[in-house]
Amino acid sequence: MINSQEQNRSWSDDAIRRIEAEGNRSADTHLFEVPVPAGWSVKVYLKDESTHRTGSLKHRLARSLFLFGLVNGWITRGMTIVEASSGSTAVSEAYFAQLLDLPFVAVMPRTTSAEKIALIEQYNGTCHFVDDPSQVYAAAEEIARSSGGHYMDQFTYAERATDWRGNNNIAESIYGQLALEESPVPEWIVVGAGTGGTSATLGRYIRYHRHATKLAVVDPENSVFYPSWRNPGVPAVGGPSRIEGIGRPRLEPSFVPAVIDHMIQVPDAASVAAARHLFDLAGLHAGPSTGTNLWGVWQLAAAMEAEGKTGSIVSLMCDSGDRYEASYGNNDWLASRGLDPAPAQALLAELFATGRWPQQ
């Protein structure tokens, strides 16, 4: 006679098979070369994570978190999956929960974009809203406890759920796609930090494989990550981020500052400006966190050119701008939040006209 433990093991084995099969059916994401100012020798590449089935970089994280929960025995048949998320992670987790026939609840700030909410609901997920973004953690824990479910807790487990040594992670993919380029080992990889998991994976991979690449992390206004990295050991205070998906009011457990070589604090309006500039430059329609990445990329690339260095810089296109048409794509919405991208757009226009980072 089969007992409940054997039934759970059988279900878990099949759940892992389904997730692995989904990954096996999926192609890698593109690595685009982005146009640079005339005369530059530095190459800039953007890895388009928006082409995942769930439309963002968080597809990789969600897959890893589900596998991590399954192999640890935390996720079982019929269990409600709960996550604290500003949107993209919840979209991806809702997809994988639906794949495994599991209920899913996303706990998010009420300000989350309507487009992301619709995507979560498209995958049969339920959205639970909080007015104060700092309440998402406690609310998610309570929903998981009261429902007998599992709180995924991306902010704790993002840095350990992904194998930083390789195993088809994003770092291994980047270096594989650069293999035939003029500079196959980039001078910089530039990413933002939401959980801190992506920067931790990249930083560890770079060190493990002894690459000369340096890791730069860009951070929006008010986020706690930049001041905590700049002044280690000094308690840092952050606030809610106006750039969805990155920046946090508290220092998350998955953030690993010791693997980061450089950090750049990016004005929120500049994030919007750089995303709009990317569309005009390359026809790539990206969300605001991609703009944050690019603001850092253009500063670092301009510095390399000024120093006469050659090489390449790689960053990520985290998700599509389609998810933000009613918010960051709307000038009235931006104005209501005190964001004016025009000055930063003018700065980028000057950079591409002169090839030099303008004095601010």
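Helices, as I use the word today, are DSSP runs of H or I with at least four residues, and strands are runs of E with at least two, both numbered from the N terminus. Good morning, colleagues. The model before you is predicted: local features need pLDDT of at least 70 and side-chain atom pairs count only at pLDDT 80 or more, while totals for chains, interfaces and linings use all residues. Residues are numbered from 1 along each chain as its sequence is written, and side-chain values use heavy atoms, leaving out hydrogens and water.

I begin with helix H10 and its surroundings. H10 spans residues 268-282 and lies across E1, strand E2 (43-48), E8 and E9, running at about 95° to E9. Such angles run from 0 to 180 degrees between N-to-C directions, with axes fitted to C-alpha atoms, for helices over the stretch in contact. H10 has 15 residues and reaches 22 Å from its first C-alpha to its last, close to the 21 Å expected at 1.5 Å a residue; that expected span is 1.5 Å times one less than the number of residues. Among its buried residues are Asp-268, Val-272, His-277 and Leu-278, where buried means under 20% relative accessible area, exposed over 50% and partly exposed in between, with a 1.4 Å probe and protein chains only. After H10 comes Gly-283, whose phi is positive, near 75°.

Now to the sheets. One open sheet has six strands in the order E1-E2-E10-E7-E8-E9, with mixed pairing; two strands pair if DSSP finds at least two bridges between them. Strands E1 (31-34) and E9 (262-266) stand at the edges with a single partner strand each, so one side of each lacks a neighbour in the sheet. From one strand to the next, the twist averages 25°. Within this sheet, E7 (residues 188-192) and E8 (residues 214-220) pair in the parallel sense over five bridges, and Trp-188 stands opposite Lys-214 in E8.

A further open sheet has four strands in the order E5-E4-E3-E6, with parallel pairing. Its edge strands are E5 (126-130) and E6 (150-151). Helix H3 (residues 88-99) packs on this sheet, touching E3 and strand E4 (104-109), contact meaning heavy atoms within 4.5 Å.

Finally, Lys-58. The unreviewed UniProt entry annotates Lys-58 as "modified residue: N6-(pyridoxal phosphate)lysine"; such annotations may be inferred rather than shown by experiment. Is Lys-58 buried or exposed? At 14% relative accessibility, Lys-58 counts as buried. Lys-58 is found in helix H2 (residues 58-71) and touches Ser-88, Thr-89, Ser-92, Gln-154 and Thr-195, not counting residues up to four places away in sequence.
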